[in-house]
Structure formats: C-alpha cells, structure tokens
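New to this one? Have a look at the model first, and then we'll walk through it piece by piece.

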Amino acid sequence: MGIESEKDNQTTICPECGGQAITIENTSEIVCSKCGLVINERGLDYNHSGKRAYTQQEKKARDRTGSPISNLIPDMELTTVINKRDIKNPDLKRAAKWDTRMPWAKRNLLIATTELKRISSNLDLPTHVKMEAMRIYRQAFKNKLLRGRSINAMVAASLYFSCRKKKIPRTLQEILEQSNESAKDVKRSYRAIIKELKLKAPNTNPSALIPRFNAELNLNADTERVAIKIVEMFTKYFSISGKDPKGLCAGAIYIATKLKHIDLTQKEIADTIGITEVTLRSRYKEIVKKLNINLPD
DNA sequence: AAGACGAAAGTGGTTGA
DNA sequence: TCAACAACTTTCGTCTT
C-alpha cells in the first residue's frame, strides 16, 4: 500500500489549542501533539478519489481537508466553505475564519463538539453516549443554559448525564480528570441540565460501579460478588437518595474485604474510590447496622 | 506505630417560609 | 432571599491492636 506514506506529512491544526496535529501510524488517528485532542478518531479519507498524488500540487488538489460527515459535526457547511480557500496556508486561514467569520452559535457548537470528542475518546465512551451528550448539549444551548456558564463545563456535564442515562458507569471524577473545568462548575451545569431541561436524574447504579473499583483494588471475584450482594440488598430495602453512590460502594467493599479476611485499610479503599475515610466509615456503619451483618474481628 | 474511630468545624448545595 | 438542614470533607485527638 503506497497510500500509507502520504498521510504522514498531512498538517492539521488543532482547533482546541492551535497546536500541530500529528497522525498516529497504525490507527491513522489525527491527534494534536500539544493537547492530545483526537481531531478525527476514524481517520480521514485522504485518497477518496482513488488516485495517487505524486507532486505537492496534486497532493494539495486531492487532499480532503474536511472530516467525514457525522452527526457529531455541528455544521456540515463549514468544511466545504473553507475548503475552497484553503489552497494557501490552510492552517492560518482556517484559524482566522473561526475567529472572524463563524457566527458565535456555530463556533460554540464546534468548540463543544471538539471538547466532547476529546473527552469521550480519552474515556473510551461509546458513540451512542456521545450522541446523547451532544443532543443534551444542543438542547441546553437552545434553552440558553450557556449564559454565564462555560462551554466546557456544560460539555462535561452533558457527558456525565449521558453516561448515567446510558448506564455507562463513570464517576464524575473520571470526567473531571479529562476536563479543565472545576468540579463546582461542572456540577452546577449538571444541575442546570436537570432542572432547566426538566430531565430526570438517572441514578448511577452503585453495584455497577463495584467491578471497576474491585479491579483497581485487585480484589478477587468472590469478594466482588459479596460486595455487589451487599449493595443490592441495601438498595433494595433502603433509600440512598441524596447520598453519594461511591460511599455505598466503599462501605460495601470494606465489609466484603472484612468478611473475606482481606487486609485493606479504610484509607486505601476510600482513596482509590475517591471519598474520605469518614464517609466510608459512616456508610459502612450504616450498612452493618441496617442489614445486621456480623463482622469477624 | 499504624489503623480505626468520631467530634468539630467548614463547604456547597437543597428546601421551604 | 434567607435560614435551617443534610451530606460530605478536612482536621485532629483518642483509642486499639
């Protein structure tokens, strides 16, 4: 395949930070060398015409600068409009256009889409979650929820909501790690989404979270089973509304390790799950009391 | 000395008057 | 809009192993 070599000197500019994008060899992903943004995870179809380009001129003429059409691209017009004027110094021209020509609404959606794709590819989120998040974001945008809130915080919140709705167990922390926004802002946006869009907050199922924490703590399947059982028993008989599901997980895992005579400190569990010892303690005390569990010493 | 415990004070949010 | 409230965190002193 002589086609491969032509991808290498493709220059794309990162819409997020303006850095130079590079192509990852074996996946043909376009990734920003500066901020790590995946600009197009499926790879561009540079040789759609089926012809090879032998000279620079031919290459320029045949290259496609736009991304493949997808629902995640907010404005399909954008790629074609710019294409025509891209012949000289495409990077600068494109960057300049984003600043001056694009209506703010389109720009907003473009930035949002980019951020959304960046985060979800870092977290390996499936496409339907991305689509749902984008839908939520657009709706938030329509309802003017962006007033006084940052785009990126709203994107993170949309993704978080989407994850919960689609039952993909991701904690808010995991999304926050990929975002530059503060937890405060993202939470605010998240609540705004629920309130203003009149959506129901999908509950994270605590037992769905356990296998991942178990893996991080290197616990065996037996312990995991016990922990899940405890969580399910508890959620079946008692309300956990208003409480952090992670706290319940932590408590259940702590009890499970006790029952299985595994030595793990409260601190170790609390730290890997992302809560404090104090919360772990109050949760585990509550579980022991309400479910009448007899702990071995 | 490490781990478990819980009191006290602070944070950021909800609810209801 | 404000006060009461609930959940959680941070910090820290005390007890237990």
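Let's start with Tyr137: leaving aside residues up to four places away in sequence, Tyr137 touches Ala112, Met154, Val155 and Ser158. Keep in mind as you look around that this is a predicted model.

Tyr137 also belongs to something bigger. The largest nonpolar core has 27 residues, and those touching the most other members are Tyr137, Val155, Ala156, Ala157, Leu159 and Tyr160. Which helices each supply at least two residues of this core? They are H5 (104–122), H6 (127–142), H7, H8 (172–178) and H9. H7 gives the largest share, with ten residues. There is also a second, separate core, this one of 23 residues, and among its members are Leu248, Tyr254, Ala270 and Ile287.

**The chain as a whole**

Stepping back, chain A is built with 14 helices and four strands. Of its 297 residues, 31% are buried. If you take the contacts in chain A between residues at least 6 apart in sequence, 60% of them join residues at least 24 apart.

**Around DNA strand B**

Now for the DNA. Strand B has these residues of the protein around it: Lys184, Lys187, Arg188, Arg191, Thr265, Gln266, Lys267, Val278, Arg281 and Lys285. The elements giving two or more residues to this surface are helix H9 (183–196), helix H13 (266–273) and helix H14 (277–291). Which of them gives the most? That's H9, with four residues. Sorted by class, the surface near DNA strand B has seven charged residues, two polar ones and one nonpolar one.

Arg191 is worth a stop here. This residue sits in helix H9 and is one of those surrounding DNA strand B. Is Arg191 buried or exposed? Arg191 has 12 other C-beta atoms within 10 Å, so it is exposed. Its C-alpha atom is 8.5 Å from that of Ala157, a residue 34 places away along the chain. Ala157, you may recall, is among the core residues that touch the most other members.

**Where H13 meets H14**

Two of the helices by strand B also pack against each other. The axes of H13 and H14 are 8 Å apart, and the angle between the helices is about 105°. H13 and H14 are therefore roughly perpendicular to each other. On the H13 side, the contact is made by Gln266, Lys267, Ile269 and Ala270, while H14 brings Glu277, Leu280 and Arg281. By class, this contact has three nonpolar, three charged and one polar residue. Gln266, Lys267 and Arg281 turn up in the surroundings of DNA strand B as well, and Ala270 is part of the second core.

**Around DNA strand C**

What lies around DNA strand C? Gly242, Lys243, Asp244, Gly247, Ile275, Thr276, Val278 and Thr279 do. This surface has four polar, two nonpolar and two charged residues. Val278 is found around DNA strand C and around DNA strand B too.

Thr276 is a handy one to pick out of that group. You'll find Thr276 in the loop between H13 and H14. With 15 other C-beta atoms within 10 Å, Thr276 is partly exposed. The C-alpha atoms of Thr276 and Ala250 are 9.6 Å apart, although 26 residues separate the two along the chain.

**A few other spots**

Lys165 lies in helix H7, which covers residues 151–165. Why does Lys165 count as partly exposed? Because it has 16 C-beta neighbours inside 10 Å. Not counting residues up to four places away in sequence, Lys165 touches Glu132 and Pro202. There's also a C-alpha separation of 7.9 Å between Lys165 and Asn203, which sit 38 residues apart along the chain.

Finally, two residues other than glycine have a positive phi, and here they are next to each other:

| Residue | Phi | Place | C-beta atoms within 10 Å |
|---|---|---|---|
| Lys198 | near 55° | loop between H9 and helix H10 (206–216) | Lys198: 8, exposed |
| Asn292 | near 50° | segment after H14 | Asn292: 7, exposed |

Lys198 is in a loop that begins after H9 and leads to H10, whereas Asn292 follows H14.

Note on methods:
Residues numbered from 1 in each chain as written. Chains lettered and ligands numbered in written order. Predicted model: local features only at pLDDT ≥ 70, side-chain atom pairs only at ≥ 80, totals over all residues. Near = placed C-beta within 6 Å. Nonpolar A, V, L, I, M, F, W, Y, C, P; charged D, E, K, R; others polar. Buried ≥ 20, exposed ≤ 12 C-beta atoms within 10 Å, placed from the backbone. Contact = placed C-beta atoms within 7 Å. Axes fitted to C-alpha atoms, helices over the stretch in contact; angles between N-to-C directions. Parallel < 35°, antiparallel > 145°, perpendicular 65-115°, else oblique. Core = buried A, V, L, I, M, F, W, Y, C linked by C-beta atoms within 7 Å.
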